[in-house]
Amino acid sequence: MKIFEVAYPLNHKPAAEELISAAARSCGVPAKKIVRCDIVRRSLDARGQLVYRYQVRAQMEGDEPAKEYRFDYKNVASARPVIIIGGGPAGMFAALKLLERGLKPVILERGKDVHSRKRDIAAISVKGTVNPESNYCFGEGGAGTFSDGKLYTRSNKRGDVYEVLHQMVAFGAPESIITDARPHIGSDILPRMVEGIRECITSHGGEYHFEARVTDIKPLSAGGRWEVICDGGLTFKADDVILATGHSARDIYKLFDTRGWALEAKDFALGVRAEHPQSLINRIQYHGRWQPGIPPAEYYLAEQVEGHGVFSFCMCPGGILVPSTTETGSLVLNGMSNSQRNGTLANAGMVVQVSAADVPEYSRYGTFALLEFQREVEQKMFAFSNSLHAPAQRMVDFCRGRESASLPKSSYTAGTTAAPLHELLPPFIADRLRKAFVLFDRKMKGYYTNDALLLACESRTSSPVRIPRDPNTLQHASLPGLYPCGEGAGYAGGIVSSALDGIAVANVI
Ligand SMILES: Cc1cc2nc3c(=O)[nH]c(=O)nc-3n(C[C@H](O)[C@H](O)[C@H](O)COP(=O)(O)OP(=O)(O)OC[C@H]3O[C@@H](n4cnc5c(N)ncnc54)[C@H](O)[C@@H]3O)c2cc1C
């Protein structure tokens, strides 16, 4: 098996024979000795003339064929149950792996099925009301269902990324995610994929329970038998419980605290969402050569400001901004897009790394110091207009410390209000952001502009708390049979890594 690279113009899709000829030239073997060629990766190269670069795997005579992904789900109706709390990527992919291994997943999800969830999500922007059980973070498919669906993780450190991608394709994601260097799915496709996964799980004997918020988890024996209790009294028992509740399930952290179970504070990042015209980002990143048919440009920026990290997070080209809080009286923004990414604006979280040392005044909250800081900033942003209207300011105005006389058009679905973000944000956050924006302009000339709008706040970048677990057994450090999993437990960040963590935990069980 040999891997080689070849480049073609954007509008040229190489045929099989063409790749075999290219492999013969590149690897110095006769074409007749090449059994087949497969594209393993396609990336857009904008450094010179715009081209697609292909990494191609050539299978020679006598080579083992490349791994094929096949998923053999067993009927588990009468198998040993494993309770999964949370139906996000970690919970869903744990469930699929349990089906392969012949165990019965029982998913308890506080939110609604994806179809009913859409109505609650629409109400957030239209009526300004947040259902604390059904919103952009809670409900079938978890926080990733109404998102940009970026699947950029390529590190196989946590498991086989391609296993996740092939499974997603089997449930309706476009095949291009397997080979694209920057794959994404989009919110017009994600809900269907999530429904397909549920149908697979239930048709093989697994269980899904919606509107089943877990309020208590009780050990029934020292060896690891558990009782899980939902709102309304519904209870479930099992030897193994996967806790995959995401970074916004603050009640689960409180439950751990009440029960005296170990938790740790964890650094996270907080800041704003920056929104630029997509045409400007295209011009900067493609050096003025963007043309229709080419994917809208992305960016990733990072700087150290006086020893502290400031970076872009979850950039959404052609996307929209949405209110993704889970609580009433609090304001959080995040980005999502459809598969075409054809909106006219580009948004990204622009965030500052926050550790306990940055907020000594919160030390009285112990393990929850960063969580309380996060909550208070979110409440302060809501309180500014006592609504989900996001406090907003133009970028240069923010850096110069003056309020914006007018605001540019924003994609944020719940509306914006002009605000002095330079005063409203915690001073160390505002200060580091201000310095970083000017530095970012050196990397992307034109990024620092008053045509860019800043909206506050972006605060749910990752969990500010970690649930410790044994690195080998993946069980909670002192609770056998309880498996903290995914982003909420602090072991993943993003859709793919959360899915991989779910698979890893299911494999251990
Ligand atoms: C708007 C938005 C856009 C995003 N865009 C991207 C992106 O483009 N790419 C990317 O990689 N990541 C993105 N993310 C982040 C990504 O969605 C998360 O990293 C990922 O979903 C985490 O997976 P998880 O399964 O660990 O947790 P979650 O997806 O948060 O799932 C946890 C589930 O647990 C349920 N739950 C919580 N508490 C309880 C309880 N007490 N009882 C029962 N159920 C409970 C919740 O309802 C939820 O469904 C985005 C997130 C948001 C909000």
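Begin your tour by selecting helix α13 and colouring its buried residues: Ile495, Val496, Ser497, Ser498, Ala499, Leu500, Asp501, Gly502, Ile503, Val505 and Ala506. Buried here means under 20% relative accessible area, exposed means over 50%, and partly exposed lies in between, with a 1.4 Å probe and protein chains only.

Before going on, note that this is a predicted model, in which local features need pLDDT of at least 70, side-chain atom pairs count only at pLDDT 80 or more, and totals for chains, interfaces and linings use all residues. Residues are numbered from 1 along each chain as its sequence is written, and side-chain values use heavy atoms, with hydrogens and water left out.

**Stop 1: helix α13**

Helices (H or I, at least four residues) and strands (E, at least two) are DSSP runs, numbered from the N terminus. With 11 of its 14 residues buried, α13 is mostly covered. What do the buried residues of α13 pack against? Show α2, α4 (161-170), β10 (241-243), β22 (482-484) and α12 (486-489) to see these partners.

Now try the distance tool on the C-alpha atoms at the two ends of α13 (residues 495-508): they are 20 Å apart, which agrees with the 20 Å that 14 residues should span at 1.5 Å a residue. The expected span is 1.5 Å times one less than the number of residues in the helix.

**Stop 2: helix α4**

Next, select α4, one of the elements that the buried residues of α13 pack against. Seven of the 10 residues of α4 are buried, so this helix is largely enclosed by the rest of the structure. Those buried residues are Val161, Glu163, Val164, Leu165, Gln167, Met168 and Val169. Their cover includes α2, α5 and α13; contact means heavy atoms within 4.5 Å.

Look at both ends of α4 as well. At its start, a side-chain oxygen of Asp160 comes within 3.0 Å of the backbone nitrogen of Tyr162. Just after the helix, Gly172 has a positive phi of about 115°.

**Stop 3: where α2 meets α5**

Show helix α2 (residues 89-101) together with helix α5 (residues 190-203); their axes come within 10 Å and cross at roughly 35°. Axes are lines fitted to C-alpha atoms, for helices over the stretch in contact, and angles run from 0 to 180 degrees between N-to-C directions. Which residues make the contact? From α2, pick Met92, Phe93, Ala95, Leu96 and Leu99, and from α5, pick Val194, Ile197, Cys200 and Ile201. By class, the contact has nine nonpolar residues, no polar ones and no charged ones. Ala, Val, Leu, Ile, Met, Phe, Trp, Tyr, Cys and Pro count as nonpolar, Asp, Glu, Lys and Arg as charged, and the others, Gly among them, as polar.

**Stop 4: Thr145**

Move to Thr145, in the loop between α3 (114-127) and α4. Thr145 is buried, with a relative accessible area of 1%. A polar contact is a pair of N or O atoms within 3.5 Å; within protein, one must be able to donate a hydrogen and the other to accept it, and residues adjacent in sequence count only if both atoms are side-chain atoms. One such contact, of 3.3 Å, joins the side chains of Thr145 and Arg117. Leaving out residues up to four places away in sequence, Thr145 touches Val114, Arg117, Glu140, Ser187, Leu190, Pro191 and Val194.

**Stop 5: Ser248**

Is Ser248 buried or exposed? Select it in the loop between β10 and α6 (250-259): at 5% relative accessibility, Ser248 counts as buried. Its side chain makes a polar contact of 3.1 Å with the side chain of His247. Beyond its neighbours within four places in sequence, Ser248 is in contact with Cys137, Phe138, Thr326 and Arg460.

**Stop 6: backbone details**

Finish with some backbone angles. His287, in the loop between α7 (278-285) and β13 (302-305), has a phi near 50°, a positive value in a residue other than glycine. At 51% relative accessibility, His287 counts as exposed.

Arg341 sits in the loop between β16 (333-336) and β17 (345-354). Its phi is positive too, about 45°, although it is not a glycine. At 7% relative accessibility, Arg341 counts as buried.

For the last selection, go to strand β20 (residues 453-458), where Cys457 is found. A cis peptide bond, with omega about 0°, joins Ala456 and Cys457.
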